[in-house]
Amino acid sequence: MRQITRQDLMDLAVGAAFLGTGGGGDPYIGRLMVQAAMDEGKTVTILDPSEVPDDALVIPTAMMGAPTVLVEKIPSGDEAVASLRRLEAHLGRKAFATIPIECGGINSTIPLLVGALTGLPVVDADGMGRAFPELQMETFSVLGVRGSPMVVTNEYGDSALIEARDDKFMEWISRGVTIRMGGAAYIAEYSMSGADVKRTAVPNTLSLGIRIGRCLREAKTNHKNPIEALLQMLPDTLYSYGKVIWRGKVIDVRRETKMGWALGFARIEGVDGWKGTMEIQIQNENLIARVDGKVRAIVPDLICIMEAETAEPITTEYLRYGQRVVVVSVAVPPMMRTPEALEVFGPKGFHINEPYTPIEQLT
Amino acid sequence: MRIGIDVGGTNTDAVLMNGLDVLGWRKTPTTPDVSDGIVKVLRNLLSETRVSAADVQAVMIGTTHFTNAIVERRRLVEVAAIRLGLPATRSLPPLTDWPADLASAVGRHRYMLKGGNEFDGREIAPLDELGLRDVAKDIRRKRITAAAISSVFSPVTGDMEKRAAEILAEEVPDIRLSLSHEIGRIGFLERENATVMNACLVDLAFAVVSSFRRALHELKIAAPFFISQNDGTLMAPQHVERYPVLTFASGPTNSMRGAALLAGLKEAMVVDIGGTTSDVGMLMHGFPREAAVSVDIGGVRTNFRMPDVLAVGLGGGSLVRDEGARIGPDSVGYELTSRAMVFGGDTLTTTDIVVAAGLQDIGDRSRVKHLSASLIETALDTMHHMADIAVDRMKTSAEPMPVILVGGGAILVSRGLPSASKVVHPPYSSVANAIGAAVAQVGGEVDRVFAVEGTTRDAVLDVAKREASDRAVAAGADESSVKIVDVEDVPLAYLPGNATRIRVKAVGDLLMR
C-alpha cells in the first residue's frame, strides 16, 4: 500500500501514454483532474493485488469513447463516481476498492480520480495490460469475470444500466449509448471479488506505467538514450522483451471518427537506413505495423510511436505530418498470449487476416 | 533588396540584404514607442549603405514583443476567459495548469456557461444567452477590455462562439474579442490557453503594428511589410493586430535560421541571447527542431506548431544580485542604455559584468571599477553555468555538438561550455534574428470543408494542396520554391457527403522583383 505522489502522476502520464500504444487518450487531462483533487487535500492510495481480501468487492471504473473527443470535451469530473455509486446501489454492496480496466492512456488515471474523490484505494493491476478499443478485450472477460451489470454516465449525470448476454454485446450496446452521450462517457463494470482480481488481472501495471515514465525521465536527465534505457528495463518486468522496429518521418496520417472509434492509418517513411515506408493501422490503438506488406509487429504486442529526439510517446490524436519518430514494439505478458486471449484481442479480434506472431520471432 | 528587422525587448536590429548577402546592418536600443527605434536604425542603415528608400522591395519584421510580454507578465490586459461547454469541462476551469503569476496577470476572470457542441455538431447545451448577458454586466462592472471565447468543438462549428461574440459586442461595445476557432485546432485546453493569451495581448498588438506602420511611412518606404509568425512564414500586418499570439516563437525561428545561414552549420545547438532571455534550440538539417506534442509559452501549454525552444532568463540586461550568484529572470530590457551602470545608471546588469571583467568595452568602464573581483567571477560563472545547463537540457544525446552563439547578448559567453564540442561566434551574429526575418518565407493556407463523396481523398487533397500553393504564390512566393509543409484533415461525421475539414499549408521564398 502506498500513496501516489505528484511525481508519480507525472511519470504515469508518460508511461501510460507508452502503454496506450497510440490510443487510450492523452493521460494529461486525467493527470490534471487527479492533481486538482490533490490540490484540495485529497489523497490516492494504491494497493498491491495481494493486499485485497479475497471476498472484497472491487469495481473497475473507466472512460469509454473516442480519444479525439476526450481532448476536446473535457469531463465534468463526477461521471465515473456516479457510475460506481449507481452500480453499488444496483448490487446492494459497497465497493472495497476500484481498479483500472486499462493501464494505457487516460484510463490509468480515471480510477485514481475516483479514488481521490471517494477515498477508495486503487488496485495496482488492470484488465488489458495496455490499451484496447473494446470492452470485451479484457483478461477479466477471457478468464471468466462478467462485464455486466455495467453503468454508463455522461456529464449531465444521465446514466444507463446495461445487463447484456455477453461482454461483446455489452460493448456493442454501451458503444451506442456512448455515441448518443457525445462520443465519450464514463463507466463502471466487471464488478468482481478480490480473489477474481488476483486470478484475472494483469498485475502491477499501474506501477509499471510509473516506472516507464520515471525510466524515460531519468535517462533524459542523465543524457542516456531513453529508448535504450527503456528496452533495458523491460526484462525486469512481466513485459520481458522490446525492440526498435522503425525510424522515420510521418508522411501521411488519416483519421476518421466512425461508430465511436478513431480509425485510420499512419505512414512513416524510413530514414537512417530503414528503407521503405511503414504503414501502421489504427483502431484507437496501433494494431499492426507493416513494411511493403510484411508484418513487423502485431497486436496484442505493443506498437508505440515515439518522438525521435525526446522519446515522448505520441498518441494517435497528436500524430502529425512531418514528425520524426521511432517505433518500438514490446512483448505482452504470457497471460495475454494464450489461445483464449488471442481469440478476443489478437489479430482475429480486429478482423485482421494475419496470424499472431510474437514480436520476438519477427524481423 | 530587402530589409529584415528584429524588434527585441532590448535592441532593434536591421539588416539590408541582397539575396543571401548581407550589405549592411545597424543596431539601436528599442524605444518605448517601437517606431522611434525603427526609424533611427533604418535611417542609419540606408545612409550607411547609400541605398534609397525606393530601392527597398520588402520589409520583414520579427518581434519578440508579444512573447516577452507573456514571459515578463508585462503590458498584459485583463481578460474575461469565457468558456462555453457546461455541464461538460467543469473539472478543469479556464487557466488550469497556468503559472499562478500569469493567471493573476490576466485577472482570473473565469466564466463557465452552458453551451458547446458535440463532435458531430449537436449542441451539448444551447448557448446560455441570459448567463452571457450577466457575464457582460460583470465585465462592464470590472472594466475588462478583452475577452476570450472558447467553445467545445468550435473547430467543427464556430457558430456558438460567433453568436456569443455578437452578444458581448452588443453589451460591451468596445470589447476586443478573441475566438478560439480562429486561433487553434482540436485540443480544448491548449486552444483555450492560446485564445486567452491572444486576448491579453490585443492592446499591445494594435500599438505595435501602428508603430511599425508609422515608422515606415516616416522614412517613405513604400514597399510592403510583413511580420514573421511562429512557423517562420510571414503575415500581413492587419492579421497580426487580431492574432498577435501567432507571432509567438517567431524570434527563435528567425534567429535559428539566421544562425544556420551565418555559421554554415546544419546540425548544431543555437543559443540566442537577447536582452531579457536566452532561447536555446537545436538545428536539424538547417531548420529548428519542432516540438512534437505541446509547447509551453511562459509556462502555459499550447498546441501550436513551433520550434522546440527553451527560454531562460539570461540576457544582456538581466539583473545581477546576491554577489553574482543570482541572475535574472527580470531585465532592464530596453532601458539598458540608461539603467545599466556602464551607461550611468544604478542597476547592476550582466553587461556591466562583462565590461568590468575587461571582456568588452561598452559604455564607461570606470563606472564599474568598484565591483569586487569575486563578484565579477561569481557572476561570470553563474552566466556560463546558466547557458550550459540550458544547452544541456535541450540536447538529445550526450554526444558533443557545436554551439552557435547569436544575438546581442552573445558577448555574455566568452568561455567554452562543458556541453559543447565547440562554441562558434559567427560574423553578423548579433543580427542573426534580423537576417532570419529577411530570409523568411511566405505561406499560403487552405482550411475548409471539402466533400469527398464521388471522388477520392487523394484527389481532394491534391486540390487543397494546389490551392494552398496558389495562395502562397499570390502572397508573393516564388512558384518554383513552393513546398507543402503541413497537411491535416479532420473528418466531420455528421455532414452528408463524407465531408472532411482539410488544412494545408504551403510555403515558398519571397519573389524579388
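**Close-up views of a predicted two-chain model**

**View 1. Helices H1 and H9 of chain A pack at an angle of about 100°.** In this predicted model, H1 covers residues 6–19 of chain A and H9 covers residues 205–221, and their axes are 6 Å apart. An angle from 65 to 115 degrees counts as roughly perpendicular, so that is the label for H1(A) against H9(A). On the H1(A) side, look for A:Asp8, A:Met10, A:Asp11, A:Leu12, A:Ala13, A:Val14, A:Gly15, A:Ala16, A:Phe18 and A:Leu19. They meet A:Leu208, A:Gly209, A:Ile210, A:Arg211, A:Ile212, A:Gly213, A:Arg214, A:Leu216 and A:Arg217 in H9(A). Sort the residues of this H1(A)–H9(A) contact by class and you get 11 nonpolar, three polar and five charged.

**View 2. Helices H2 and H5 of chain A cross at roughly 15°.** Here H2 (residues 27–39) and H5 (residues 110–118) of chain A have axes that come within 9 Å. With that angle, H2(A) counts as roughly parallel to H5(A), and the crossing is left-handed. H2(A) brings A:Gly30, A:Met33, A:Val34, A:Ala37 and A:Met38 to the contact, while H5(A) brings A:Ile110, A:Leu112, A:Leu113, A:Ala116 and A:Leu117. Nine of the residues in this H2(A)–H5(A) contact are nonpolar and one is polar, with no charged ones in the mix.

**View 3. A:Ala56 sits in a loop of chain A, between strands E2 and E3.** Strand E2 spans 45–47 and strand E3 spans 57–65. Is A:Ala56 buried or exposed? Somewhere in the middle: A:Ala56 has 18 C-beta neighbours inside 10 Å, so it counts as partly exposed. Setting aside neighbours within four places in sequence, the contacts of A:Ala56 are A:Phe96, A:Ala97, A:Ser193 and A:Gly194. Don't expect to fit A:Gln281 into a tight crop, though: its C-alpha is 40 Å from that of A:Ala56, and the two residues are 225 apart in sequence.

**View 4. Chain A meets chain B through 31 residues of chain A and 28 residues of chain B.** On the chain A side, H2, helix H3 (67–70) and strand E12 (242–258) each put in at least two residues. E12(A) gives the most, with four. By class, the chain A side that touches chain B has 11 nonpolar, 10 polar and 10 charged residues. H2(A) also appears in View 2, where it packs against H5(A).

**View 5. Stepping back to chain A, there are 11 helices and 18 strands to find your way around.** The C-alpha atoms of chain A fill a box of roughly 60 × 45 × 35 Å along the principal axes. A compact globule of 363 residues would have a radius of gyration near 21 Å, and the 19 Å of chain A agrees with that. Buried residues make up 59% of chain A. Of the contacts in chain A with a separation of 6 or more, 73% link residues 24 or more positions apart.

**View 6. Chain B comes with 13 helices and 23 strands.** Its radius of gyration is 24 Å, close to the 24 Å that the globule rule gives for 513 residues, so chain B is as compact as a globular protein of that length. The box for the C-alpha atoms of chain B is roughly 75 × 50 × 50 Å, again along the principal axes. Buried residues account for 56% of chain B. Among contacts in chain B with a separation of 6 or more, 68% are between residues 24 or more positions apart.

Terms used: Residues are numbered from 1 along each chain as its sequence is written. Chains are lettered from A and ligands numbered from 1 in the order in which they are written. This is a predicted model: local features need pLDDT of at least 70, side-chain atom pairs count only at pLDDT 80 or more; totals for chains, interfaces and linings use all residues. Axes are lines fitted to C-alpha atoms, for helices over the stretch in contact, and angles run from 0 to 180 degrees between N-to-C directions. Angles under 35 degrees count as roughly parallel, over 145 as roughly antiparallel, 65 to 115 as roughly perpendicular and the rest as oblique. A crossing is left-handed if the near helix is turned anticlockwise from the far one by less than a right angle, and right-handed if clockwise. Two residues are in contact if their C-beta atoms, placed from the backbone, lie within 7 Å. Ala, Val, Leu, Ile, Met, Phe, Trp, Tyr, Cys and Pro count as nonpolar, Asp, Glu, Lys and Arg as charged, and the others, Gly among them, as polar. The radius of gyration is taken over C-alpha atoms; the globule rule is 2.2 Å times the number of residues to the power 0.38. A residue is buried if 20 or more other C-beta atoms lie within 10 Å of its own, exposed if 12 or fewer, and partly exposed in between; C-beta atoms are placed from the backbone.
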